[in-house]
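I opened this notebook to record what I looked up in one protein model. The entries go from the whole chain to single residues.

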Amino acid sequence: MVREQFLFAGFGGQGIILMGTLLAQTGMEEGKNVTYFPSYGPAMRGGTANCSVVVSKNEIASPIISFPDVLVAMNQESFVRFEPETKREGIIFYNSSLVTSS
């Protein structure tokens, strides 16, 4: 892996920010360059939340990602919003109890 871009998305209380934090910490422990960019609404539970993480052997110019390699969508709204932006050869994980379209 030279550079991988991850996007975790869902609503508050689903562990979105925690997933990104754990991935970022793991990347740092492996000696990789890492950016971590959380974004969440004003509500602590039930509001929108997403988090982007870039892990790379090389320097990272920006924490913003346009086309993630990996998408983790924990609700329908996140799946609908971010699935079209995921790279064609990317991987999508989704919560099958809350996401009805694939």
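My entries on this structure follow.

**Entry 1: the whole chain**

I noted at the outset that the model is predicted. I looked up the secondary structure and found two helices and five strands in the chain. Read from the N terminus, these elements come in the order β-α-β-β-β-α-β. I then asked how the radius of gyration of the chain stands against the globule rule. The radius is 13 Å, close to the 13 Å that the rule gives for 102 residues, so the chain is as compact as a globular protein of that length. Along its principal axes, the C-alpha trace spans about 35 × 30 × 20 Å.

**Entry 2: surface and contacts**

I recorded that 39% of the 102 residues count as buried. The area that the chain exposes is about 6200 Å², and carbon and sulfur atoms supply 55% of it. For contacts between residues at least 6 apart in sequence, I found that 57% join residues at least 24 apart.

**Entry 3: strand pairing**

I looked up the partners of strand S1, which covers residues 3-11. S1 and S3 run antiparallel and are joined by nine bridges. S1 also pairs with S4, here in the parallel sense, over four bridges. I took Phe8 as an example and asked which residues are its bridge partners in S3 and in S4. In S3 the partner is Cys51, and in S4 it is Val72. I added one general remark to this entry: side chains in a regular strand alternate between the two faces of the sheet.

**Entry 4: nonpolar cores**

I asked which residues make up the largest nonpolar core. This core has eleven residues: Phe6, Phe8, Ile16, Ala24, Ala49, Cys51, Val53, Val55, Val70, Val72 and Met74. At least two residues of this core come from each of S1, H1, S3 and S4. S3 gives the most, with four residues. Another core, of ten residues, lies apart from this one, and Leu7, Val54, Ile60 and Leu71 are among its members. Phe8, Cys51 and Val72, which I met in the previous entry, all belong to the core of eleven.

**Entry 5: salt bridges**

How many salt bridges does the structure hold? I found two.

One of them links the side chains of Lys32 and Glu30, with N to O at 3.5 Å. Glu30 lies in the loop between helix H1 (16-29) and strand S2 (33-40). I asked whether Glu30 is buried or exposed. Its relative accessible area is 54%, and exposed means over 50%, so Glu30 counts as exposed. I also looked up Glu30 and Lys57: they are 27 residues apart in sequence, and their C-alpha atoms are 9.9 Å apart in space.

The other salt bridge joins Asp69 and Lys87, whose closest N and O atoms are 2.9 Å apart. Asp69 lies in the loop between strand S3 (48-56) and strand S4 (70-73), and Lys87 in the loop between helix H2 (76-82) and strand S5 (91-94), so this pair ties together parts that are 18 residues apart in sequence. I checked the accessibility of both partners. Asp69 has a relative accessible area of 14% and is therefore buried, since buried means under 20%. Lys87 stands at 28% relative accessibility and counts as partly exposed.

Note on methods:
Residues are numbered from 1 along each chain as its sequence is written. This is a predicted model: local features need pLDDT of at least 70, side-chain atom pairs count only at pLDDT 80 or more; totals for chains, interfaces and linings use all residues. Side-chain values use heavy atoms; hydrogens and water are left out. A salt bridge is a side-chain nitrogen of Lys or Arg within 4 Å of a carboxyl oxygen of Asp or Glu. Buried means under 20% relative accessible area, exposed over 50%, partly exposed in between (1.4 Å probe, protein chains only). Two strands pair if DSSP finds at least two bridges between them. A nonpolar core is a set of buried Ala, Val, Leu, Ile, Met, Phe, Trp, Tyr and Cys residues joined through side-chain atoms within 4.5 Å. The radius of gyration is taken over C-alpha atoms; the globule rule is 2.2 Å times the number of residues to the power 0.38. Contact means heavy atoms within 4.5 Å. Accessible areas come from the Shrake-Rupley method with a 1.4 Å probe; for residues, only the protein chains shown count as cover.
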